[in-house]
Structures are given as C-alpha cells and as structure tokens.
Amino acid sequence: MKIPEPWGHPRLSFLLEKAASREAELWRVYVPKKPSSPDTDISPSQRDEAVRWLTGLHRRLQLYPETLALASIVDRFLASVKARPKYLRCIAIACFFLAAKTSEEDERVPSLKELAVSSSCGCSPAEILRMERIVLDKLSWDLHSATALDFLHIFHAMVLSCRSGLLDVASGLNRSQHLSLLTRQLYHCLADHTLLQLKGSELALALLTLELETCCPDWLPLTFDLLKRTQINSSELIWSRELVARHPAPAAARQTALAESRSISAAGAQMHVLAGRVSLSPPPLSPGLLSSPPVQLQTPAAGHPNAPQKVTVRSKSSTKRKVEEMTEDDIYADIKRLYNEDSTAGAHQGGPGVRSAPLSAQEGSSSPCPPLQPAGAP
C-alpha cells in the first residue's frame, strides 16, 4: 500500500466508520466445529493448513496484500456450507482467484490455467470455475467485506497523523517498512483459527498496539487515542491483545519480514536514484498530470548523425485522455465489436469466448461439482 502524507482526522474517521459498518453487517462469531469424521468434515487445523498454503502461493505470485486478506472469504463460505476436506483446496483456490480479480490490476491477475498449474491444487480450470460460481452464490455475490488489513491501514495512518515521525525514530523503520512488518505479522494471525474469534478491527488494533508497546515509550496514550476513535471498548482490546500475544509470530519470521521490508525499500530507493541519473525521474503528482502532453525526445535520425529527430513517447495518461473523450456510442460500438470477436474466436478456437458460453457447456469435460450442503444440514 502506498502511504500518502498523513490524512486529516475527518477523512480517517469516515473510512473507519465505513469499514466498521461493513464489518458489523457481515462478520459472524466463529464457532469451532468438532469434525464427526475426518472424511466428511473440515477440521480447524485443515483450515489453517489451507490458509498457509494460500499464503505461500501469494508470496510466489507477488500479489498485493489486499488479495490475501480478501481471500479470507473462504471462512465466510465454510461457515455457510458443509464441505468435505477433499474439496478444501478447490474452495480455497476459487476464493483466492476471486480475491485476485477483485483487488489486482487486470494485467497482474494470473490466468486460471496458470493458477491451477502453479498452485498444484489438483483441480482443473473448469472445476475451479464451477466452485467459484458456488462461492459467489453462497456469498450473494458480495465480496467487499472489511478485512483486518483495511483496519490495520486505517489505524496505522491514524498513528502517523497524530504523531508524525514518531515511528521512524522509535522503531528505526520508515512508515512503509513498519506497515510491511505489521502486514507480515497479520499473515501469521490469519492462519490461526483461534484468532477467528476476533473481529478484523479488534485483531488489527491488537497487533498495532502490541507493536507500539515494543517501540514507543508513550504507547499507552496512543492506544487510548485510538480507542476514542473506534467502537471497541477497553475490555475487548485487553482480551484481544492477550489472545494475539498467546500466538506470536516466530522470531525467525519477524526477522525475515524485517529484512524483506528493508530490502524492498532499499530497492525502491536504488531504482529512484538510477532513474534520476538517466533523467527519467517522474514528476510529482499533480491535478494536471493526466492531461500532460506527450514527451518529446531528441534522437539522431538514421543516416544523419547530427540531425535530431523527434520521437513521441505516449504514456498511459494520453490513452486515458482518449478514453475519456470517447462518446457513449463509440464505447458501445467497441464493446459490441469486442464481444462478437470473442464469441467467434471462442467458438472456433476454444479461446476467451468460452467464458460467455452457458455453464453447462463448461461442464462437459470436468467432473461434477462437489455436493455441498448448508452448514445446518445433517
């Protein structure tokens, strides 16, 4: 997550209120289930193993932290259905694919075939697609839940807004490195089913205050200031902190996360220096950036070493400006043409047009969907 300059309290309060409202709407108390049979019920330990597997996959694919946090919809799904352990990886990878398509840029989303092969989930792309549809139906197509990572970002920005520069001095890390370290600790917590008793807001606040306690002498006033801005009372925070403190991230994992956060920041600083040396350092963001003209570079023409030639380099901003200038009729015509091309290509080559085919057409070469039942079913 890119850290902007400290936001004002009204903006942070609005984001916190919105996230808390969303959490109150969707969050349900986690009740551990005692599996009656290892072949028919998913145990908490099996759930934890699946989350750790997704964490490793997320690290290999180098996706955004928001993708892994949103993949926690697997818990919402498992709370509403009764599924067998042999289908757990198919459920997990379908939730992960949905999270990636929701949080990632289009060009960063791995193809379904690539995801099925690289994850070694044991499922075909058709089976993942069918499971994806089941997950969406059970969740009423509502994936935009407030995650613990959302609250962690908000609380961290609140600390920076009221004590700017405090974490840089107290922890020896800049704001990006510190948030990266907290995010790695959150990954560890998400893979522990005992912490599902906590709301995402409680988990994020407990993580942040425990970290502040280790690096800030005046962590207690900061904690009270955060409590004033949340709907969490002091007793809930104390209980959350005790629960998180019982399941700390391993020291080796903390050191690894610390080293990774520092190396990422060092690499970014090095790239910025290299960009400055070749005069390609981007200008600061401004309202007029999107409407800036194309860059003109002077290069020698072929056959005339001393004669300069203009070369136009167009950035994404010029493309975006063209899109904004298009009329509704132009956009509709382009979409209609693209749809017809995809349908034709898919019919003859089995390409992207297959996705627009009925679901029954996709089921021809795949095994039937796993028989999932509501959680209350016998």
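In which helix of the protein chain is confidence lowest, and in which is confidence highest? The model is predicted, so to speak, with local features needing pLDDT of at least 70 and side-chain atom pairs counting only at pLDDT 80 or more, while totals for chains, interfaces and linings use all residues. Residues are numbered from 1 along each chain as its sequence is written, and side-chain values use heavy atoms, with hydrogens and water left out.

Confidence here is pLDDT, the predictor's score for each residue from 0 to 100. Helix H17 (residues 359–362) sits at the bottom with a mean of 40, and helix H3 (residues 65–70) at the top with 96; helices are DSSP runs (H or I, at least four residues) numbered from the N terminus. Residues 1–7 have a pLDDT below 50, yet this stretch makes 19 contacts (heavy atoms within 4.5 Å) beyond near neighbours in sequence. Residues 305–325 also fall below 50, with 33 such contacts. Where pLDDT is low, the predicted coordinates should not be read in detail. The chain averages 73, and 60% of the residues score at least 70.

Turning to cavities, the whole structure holds two of 30 Å³ or more. A cavity is a set of points on a 1 Å grid over the protein atoms alone where a 1.4 Å probe fits but cannot get out, and lining residues have an atom within 4 Å of a point. Points are joined across faces, edges and corners, and volume is the space filled by probe spheres set on them. The second largest cavity comes to about 40 Å³. Helix H2 gives the largest share of its lining, four residues.

Notes: 1 Å grid on protein atoms, 1.4 Å probe; cavity = no way out; pocket = protein on both sides within 12 Å on 5 of 7 lines; lining within 4 Å. Helix = DSSP H or I, 4+ residues; strand = E, 2+ residues; numbered from the N terminus.
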